[in-house]
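Hi,

Here is the structure I promised to pass on to you. Have a look at it first, and then read on for what turned up.

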Amino acid sequence: MTAETCPHYLLLDEEKAVEIGALAKCAPPVRSSLAVEELWDRLRNGRIDTIGSDHSPSPPDWKMGDDMFAIWGGIAGIQHGLPLVLGEDLSLAPLLSEQVANRFRIPGKGGLEPGKDADFFLLERESHEIVESDLVTRHPISPYCGMMMRYRISATYLRGQPVGQGRRGNFLKPERT
């Protein structure tokens, strides 16, 4: 059996969700601040095995309206979830990498030992506010806008090779055969 949580359950609580509004709607919903504290305690005590992204983006109009039941229930958090969680506790890095690779039996991933792929990123201490113009997503909406980050990802390496700096990414189209 594996226990997992996601960044938004560690970074948001009911009170923040009410302030943020529909951008914080997810399923299951975020919980009380006491429940968030309990999650952090369980993470630090080894009772939660992994932290997953649960990235669920949507067009902005799916997160608008008067009917909260009809509004999309997902959070686009892949860009900031990891550095925000590590900004709270760097010792949790294995729950985002090594333990995930081990749990899902993904060979060559999750570490920097000889024989592994050497996929990693570098964090640089730099406090800054998350703003909409920094979002690198197709639909630039996030419940994390306005939050302060303690770190930024300054470089990313894939199989030991740097991923180009300043790239905002490309959506790949499947090859037609």
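Pro 28 sits in the loop that runs between helix H2 (14-20) and helix H3 (33-44). Please keep in mind as you read that this is a predicted model. The peptide bond leading from Ala 27 into Pro 28 is cis, and its omega is near -5 degrees.

Two other backbone spots may catch your eye. Asp 54 is not a glycine, yet its phi is positive, at about 50 degrees. You will find Asp 54 in the loop between strand E2 (50-51) and helix H4 (81-88). Its relative accessible area is 39%, so Asp 54 is partly exposed. Ala 118, also not a glycine, has a positive phi of about 60 degrees. This residue belongs to the loop between helix H6 (98-103) and strand E3 (120-129). Is Ala 118 buried or exposed? It falls in between: buried would need a value under 20%, and Ala 118 has 22% relative accessibility, so it counts as partly exposed.

Now to the sheet. It is an open one made of three strands, in the order E3-E4-E5, with antiparallel pairing. E3 and strand E5 (161-162) are the edge strands, each pairing on one side only. E4 and E5 run antiparallel and are joined by two bridges. To see one of the partners, go to Leu 158, whose bridge partner in E5 is Gln 161. Helix H4 packs on this sheet and touches both E3 and E4. The direction of H4 makes about 120 degrees with that of E4.

Last comes the pocket. The largest pocket has a volume of about 1900 Å³. Its lining holds 50 residues, and those closest to the centre are Ile 78, Gln 79, Phe 121, Ile 153 and Thr 156. Which elements supply at least two residues each to this lining? They are H4, helix H5 (93-96), H6, E3 and strand E4 (148-158). Of these, E4 gives the most, with eight residues. As for the character of the lining, 25 of its residues are nonpolar, 17 are polar and eight are charged.

If you open the model with one thing in mind, try following E4: this strand pairs with E5 through two bridges, is touched by H4, and gives the most to the lining of the largest pocket.

Happy browsing, and all the best

Terms used
Residues numbered from 1 in each chain as written. Predicted model: local features only at pLDDT ≥ 70, side-chain atom pairs only at ≥ 80, totals over all residues. Heavy atoms only, no water. Helix = DSSP H or I, 4+ residues; strand = E, 2+ residues; numbered from the N terminus. Buried < 20%, exposed > 50% of the residue type's maximum accessible area, 1.4 Å probe, protein only. 1 Å grid on protein atoms, 1.4 Å probe; cavity = no way out; pocket = protein on both sides within 12 Å on 5 of 7 lines; lining within 4 Å. Points joined across faces, edges and corners; volume = space filled by probe spheres on them. Nonpolar A, V, L, I, M, F, W, Y, C, P; charged D, E, K, R; others polar. Pairing = 2+ DSSP bridges. Contact = heavy atoms within 4.5 Å. Axes fitted to C-alpha atoms, helices over the stretch in contact; angles between N-to-C directions.
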